[in-house]
Amino acid sequence: MASSRPGPNLSRIASSLGVSVATVSNALSGKGRVSGQLIEKIREHAAELGYVPSQAGRALRTGRSGVLGLVLPDIANPLFPKIAQAIEFAASAAGYGVLIADSRGDVAAQTEAINRLVERGVEGLIIIPRRATRISDAACPVAVIDTASTPGNTVAADHWQGGREIAGHLADLGHHRILIIGNNQESNVQNDRAGGIRSALKPGMQAETLWIDRLELNGGSGCSLGLAEKARQGFTAFAALSDLQALRALTELQQAGINIPTDVSVTGFDDLIWSSVVTPSLTTVRMDMDRIAGIAVSALVNSIRTNGTREGMLVVAETDRVAMQLVVRQSSGPANPAPKTSEMENK
């Protein structure tokens, strides 16, 4: 049975050495008048006993919690746990812990999450925002991770450049008609990715955009996207704005008997954990999560140490965007002329 005895506290250390609690506290914190020899003795004894400073006690003494808050838009999306892990690692390296809240895709829930974290004493916030959130109302410094076109953005992947990478890859494969597939027409990230694709089209190439949220208003959640018909109309590349939408496209096209990449190519964004193991494995664009997290945490911590916990301060980083990396796999290949309708139906 595990022991319920608490770990050593300042009183135990003081009693065993025959000094006052105040002397032990000053020696461990580096404050007050304690001789160097006694400081060394107290710290060595504390280490032998396995003493761990109380975060709550430190907060009372310093007025700082040593904790950052992280607000995610949807923790059920496999992208965001990866971001959370990278931020927690960067924060830990800077001497901070992290409290995480999930807005569940709702603006009101995000505002509530921000307020809840502030009430728990976080020194600063990192927010991956929903649109229409009044981030400047947060009662502490805030670092924003979204996209360069988001007002007040601190740092993010260069989503526009990522779109250009996709367009260049499809152009090199000889594709001329591209269907861009997104699921949220109000997303700054998805609009930047789509804009990047369109900006890099070569002469003779054209692109249309299909927004899933518009289709589902009439067809209901999970309705057909009509991609087989788009293939019959001559679209040879389906450029989804996230790997989740790319998986949906892969599934719908394959169920219609369309071969990928022989008949059409499919690409995504984000390089989610399963993107390399689906069949065919997915060509996508990867974010450098570790670098983005490191920049965001560093800028936030520097702001806290320089300016304190000033209310509503949006943090600025020296680098505001990080290049994305094209990852070529099996789902993209050379363009073929659109099969005739009868050929598609006979597959």
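Here are legends for close-up views of a predicted model.

**View 1. How far to trust the chain.**
Before zooming in, a quick look at confidence. Across the protein chain the pLDDT averages 87, and 86% of the residues score at least 70. Two stretches drop out of that picture. Over residues 1-7 the pLDDT stays under 50, and the model gives this stretch 3 contacts beyond four places in sequence. Residues 340-347 also stay under 50, with 8 contacts beyond four places in sequence. Where pLDDT is low, the predicted coordinates should not be read in detail.

**View 2. Helix H1 against helix H3.**
Here H1 (residues 10-17) packs on H3 (residues 36-49), with an angle of about 120° and axes 10 Å apart. That angle makes the two helices, H1 and H3, oblique to each other. Look for Arg12, Ile13, Ser16 and Leu17 on the H1 side, facing Lys41, Ile42, His45, Ala46 and Leu49 on the H3 side. Sorted by class, the residues in this contact of H1 with H3 come out as 5 nonpolar, 2 polar and 2 charged. As for handedness, H1 passes H3 in a right-handed crossing.

**View 3. Thr23 and its partners.**
Thr23 sits in helix H2 (residues 21-29). Setting aside neighbours within four places in sequence, Thr23 touches Val34, Leu38 and Ile42. Ile42 also turns up in View 2, as one of the H3 residues in contact with H1. For another reference point, find Leu10: it lies 13 residues from Thr23 along the chain, and their C-alpha atoms are 9.5 Å apart.

**View 4. The S2-S1-S3-S4 sheet.**
This one is an open sheet of 4 strands, ordered S2-S1-S3-S4 and paired in parallel. S2 (97-102) and S4 (142-144) are the edge strands, each pairing on one side only. From one strand to the next, the twist averages 20°. Zoom in on S3 (residues 124-127) and you'll find 3 bridges joining S3 to S4, with the two strands running parallel. Within that pair, Ile126 stands opposite Ala143 of S4. H12 packs on this sheet too, touching S1, S3 and S4, and its direction makes about 155° with that of S3. Then there's H5, which lies across S1 (67-72), S2 and S3 and runs at about 170° to S1.

**View 5. Where H5 meets H12.**
The two helices from the previous view also pack on each other: H5 (residues 79-93) and H12 (residues 289-307) meet at an angle of about 50°, with axes 8 Å apart. H5 and H12 are therefore oblique to each other. Their crossing is right-handed. On H5, the residues to pick out are Leu79, Lys82, Ile83, Ala86, Ile87, Ala90 and Ala91; across from them on H12 are Met289, Asp290, Ala293, Gly294 and Val297. By class, this contact of H5 with H12 has 9 nonpolar residues, 1 polar and 2 charged.

**View 6. The S7-S6-S8-S9 sheet.**
Here's another open sheet of 4 strands, this time in the order S7-S6-S8-S9, again with parallel pairing. The edges belong to S7 (206-211) and S9, each of which pairs on one side only. The twist from one strand to the next averages 20°. Strands S6 (residues 177-182) and S8 (residues 237-240) pair in the parallel sense over 4 bridges. In one of the bridges to S8, Ile181 has Ala240 as its partner. Helix H9 (residues 212-219) lies across S6 and S7, running at about 45° to S7.

**View 7. Backbone details on either side of S9.**
A few spots in the loops deserve a close look. Going from Ile260 to Pro261, the peptide bond is cis, with omega near 10°. Pro261 belongs to the loop between helix H11 (243-255) and strand S9 (265-267). Moving on to the loop between S9 and S10, you'll come across Asp270. Phi of Asp270 is near 110°, a positive value in a residue other than glycine. The peptide bond from Thr279 to Pro280 is cis as well, with omega near -5°. Pro280 is also in the loop between S9 and strand S10 (284-286).

Note on methods:
Residues numbered from 1 in each chain as written. Predicted model: local features only at pLDDT ≥ 70, side-chain atom pairs only at ≥ 80, totals over all residues. Heavy atoms only, no water. Axes fitted to C-alpha atoms, helices over the stretch in contact; angles between N-to-C directions. Parallel < 35°, antiparallel > 145°, perpendicular 65-115°, else oblique. Left-handed = near helix turned anticlockwise from the far one by under 90°. Contact = heavy atoms within 4.5 Å. Nonpolar A, V, L, I, M, F, W, Y, C, P; charged D, E, K, R; others polar. Pairing = 2+ DSSP bridges. pLDDT = per-residue confidence, 0-100.
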